[in-house]
Amino acid sequence: MTTGSLKATSPSSTPSVEPTRRDFLYVATAAAAAVGALATLVPLIAQMEPDAATLAAGGPIDLDISKIQPGQQVAITWRGKPILVTNRTPQLLETLQDPKLLSQLADPQSGELQQPAYAVNWHRSLKPQYGVLVGICTHLGCIPLFEPLQNASQPAANWLGGYFCPCHGSKYDLAGRVFNGVPAPYNLPVPPYNFVNETTIRIGENPPGSDFDFSSVRQI
Ligand code: FES
């Protein structure tokens, strides 16, 4: 993982006893940098980086998804937030419809406003193959780790594949849907995005006909 894609948020200048979401986001970002070698995020390819002026303006940014290998993920920063884009294989997509998984999810139908209407579906995206999520845990703001493969014991028992938050153990599936019984209360947000063509997505811009307002989601 190229940690430069997940820039640290400055900690609050006001001392406080209780940790805030901002504090945790800062800690999580630092932690993500420390465990970069362990994370399964693939390196952010240099040419995917938008220019500094675009980033500073907070405008839409384009990402060439043809460079994301099947089963892998890239991270890109948009409006200071890590945006996680995954290329989900047919096998990984199958798990998203597995009744064994669905029975463990808190909001399997995406009933909470954590995504645009065009991502209210079983894959929470425009096209099933590509997942696009804001990588900020809805508990206290850590950055969840991409752990796509099933495993009996790692990073948690009976792991079905998805995202694992190392801070307090929240679990999400590969569509960002949160599990029952974990600290995180909501699914990972889906940002506004659109397909410019078959190989390019534009993060920060809705498809024609959608007026999804990113700031209206329940929790980022
Ligand atoms: S920040 Fe607490 S579980 Fe993710």
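Which residues touch the most other members of the largest nonpolar core? Select Leu63, Ile76, Ile83, Val85, Val132 and Ile203: of the 34 residues in that core, these touch the most other members. The model on screen is predicted.

**The core and its strands**

Colour β1 (61–64), β2 (73–78), β3 (81–87), β4 (130–134), β5 (145–147) and β9 (200–203), each of which supplies at least two residues of this core. The largest share, four residues, comes from β2.

Now centre on Val132. Apart from its neighbours within four places in sequence, Val132 is in contact with Ile83, Val85, Ser125, Val190, Pro191, Tyr193 and Ile201.

**β3 and β4**

Select β4 as a whole. Four of its five residues are buried, so β4 is largely enclosed by the rest of the structure. Next, show β3 together with β4: the two run antiparallel and are joined by five bridges. To check the register, pick Thr86, whose bridge partner in β4 is Gly131.

**The β8–β9 hairpin**

Move to β8 (residues 193–197), which pairs with β9 in the antiparallel sense over four bridges. The hairpin between β8 and β9 passes through two residues. Label Asn194 and look across to β9, where Arg202 stands opposite.

**The three-stranded sheet**

Select β5, β6 and β7. They form an open sheet in the order β5-β6-β7, with antiparallel pairing. The edge strands are β5 and β7 (171–172), each pairing on one side only. Between β5 and β6 (residues 162–164), count three bridges. Leu145 is a handle on this pairing: Phe164 in β6 stands opposite Leu145.

Follow the loop between β5 and β6 to Pro155. The peptide bond from Gln154 to Pro155 is cis, with omega near -5°.

**Two positive phi values**

Go to the loop between β2 and β3 and select Arg79. Arg79 is not a glycine, yet has a positive phi of about 50°. Is Arg79 buried, exposed or partly exposed? Arg79 has 16 other C-beta atoms within 10 Å, so Arg79 is partly exposed; the buried class begins at 20.

The last stop is Ser110, in the loop between α4 (99–102) and β4. Ser110 is a residue other than glycine with a positive phi, near 55°. Ser110 counts as buried because 20 C-beta neighbours lie inside 10 Å.

Notes:
Residues numbered from 1 in each chain as written. Predicted model: local features only at pLDDT ≥ 70, side-chain atom pairs only at ≥ 80, totals over all residues. Core = buried A, V, L, I, M, F, W, Y, C linked by C-beta atoms within 7 Å. Buried ≥ 20, exposed ≤ 12 C-beta atoms within 10 Å, placed from the backbone. Contact = placed C-beta atoms within 7 Å. Pairing = 2+ DSSP bridges.
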